[in-house]
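Colleague: Could you take one part of this model and go through it slowly for me? I would like to hear about the packing of the helices, and how they run relative to one another.

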Amino acid sequence: MENHKSQIRDILAQTTKTADQKMQEVCQYLQQQIPHYDWVGYYFANHEHRTLHLGPFAGDPTDHTVIPFGKGICGQVALSNQNFVVPDVKAQDNYIACSLHVKAEIVVPLFKNGVNIGQIDIDSHTPDPFTDADVDLLEFVNERVAEIL
Ligand code: SME
């Protein structure tokens, strides 16, 4: 994971790219390099409308480009401000299915100046794949991403 952190730092340090382009590269990097990350994307919060909006992502396109606060795993994290690790999506009542292949999901909020401005969302086709190492990596990624926003 330390190697991944160094690569993420390098992606975000590029001076010729926009924040959007760098976040896109972060999503692509994570999705390609970590075998149990099958879909990686960012959602951004609109606090006025209480909705999440899909930003940069890597993986298959999703129909869920706008998610109301409270709906699904993502919408719950918009309200709780807490990491949400889902080892088995079938065990969740409040879950929005993006693909029948998805077995597990992890969502880590993105804070800027203490405000929950969005989140990184990872879908996995592997059952129960996420450990503390994933939480640590994704918190690191979001802390570094917040610095360029
Ligand atoms: N499964 C998510 C919806 C977003 S997709 O995974 C890309 C949820 O329940 O919030």
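Modeller: What follows is a walk through the helix packing, pair by pair, with a short look at the ligand site at the end. The model is a predicted one, and the description should be read with that in mind.

I begin with helix α1, residues 2-13, and helix α2, residues 19-33, whose axes come within 9 Å and cross at roughly 155°. Because angles over 145 degrees count as roughly antiparallel, α1 is roughly antiparallel to α2, and the crossing in which α1 passes α2 is right-handed. On the α1 side the contact is formed by N3, H4, Q7, I8, I11 and L12, which meet K22, E25, V26, Y29, L30 and Q33 of α2. Sorted by class, the residues joining α1 to α2 comprise six nonpolar, four polar and two charged.

The next pair brings in helix α4, residues 132-148, whose axis comes within 10 Å of that of α2, with a crossing angle of roughly 165°. These two helices are therefore roughly antiparallel to each other, and α2 and α4 cross in a right-handed sense. From α2 the contact draws on A19, K22, M23, V26 and L30, and from α4 on L137, L138, V141, V145 and I148. The class count for α2 with α4 is nine nonpolar residues, no polar ones and one charged.

The remaining pair is α1 with α4, where the axes come within 10 Å and cross at roughly 15°. That angle makes α1 roughly parallel to α4, and α1 passes α4 in a right-handed crossing. Here H4, K5, I8, R9 and L12 of α1 are in contact with D136, L137, F140, V141, R144, V145 and I148 of α4. The residues of this contact between α1 and α4 divide into seven nonpolar, one polar and four charged.

Read together, the residue lists connect the pairs: K22, V26 and L30 of α2 appear in the contact with α1 and again in the contact with α4, while H4, I8 and L12 of α1 take part in the contact with α2 as well as in that with α4.

Turning to the ligand, its surroundings include W39, Y43, I67, G72, Y95, I96, C98, E105 and D123. A backbone N or O atom of I73 lies 2.9 Å from an oxygen atom of the ligand, and for C74 a backbone N or O atom lies 2.8 Å from a ligand oxygen atom. With D121 it is a side-chain N or O atom that is 3.4 Å from an oxygen atom of the ligand.

Definitions and conventions: Residues are numbered from 1 along each chain as its sequence is written. This is a predicted model: local features need pLDDT of at least 70, side-chain atom pairs count only at pLDDT 80 or more; totals for chains, interfaces and linings use all residues. Side-chain values use heavy atoms; hydrogens and water are left out. Axes are lines fitted to C-alpha atoms, for helices over the stretch in contact, and angles run from 0 to 180 degrees between N-to-C directions. Helices (H or I, at least four residues) and strands (E, at least two) are DSSP runs, numbered from the N terminus. Angles under 35 degrees count as roughly parallel, over 145 as roughly antiparallel, 65 to 115 as roughly perpendicular and the rest as oblique. A crossing is left-handed if the near helix is turned anticlockwise from the far one by less than a right angle, and right-handed if clockwise. Contact means heavy atoms within 4.5 Å. Ala, Val, Leu, Ile, Met, Phe, Trp, Tyr, Cys and Pro count as nonpolar, Asp, Glu, Lys and Arg as charged, and the others, Gly among them, as polar. A residue is near a molecule or strand if one of its heavy atoms lies within 4 Å of it. A polar contact is a pair of N or O atoms within 3.5 Å; within protein, one must be able to donate a hydrogen and the other to accept it, and residues adjacent in sequence count only if both atoms are side-chain atoms.
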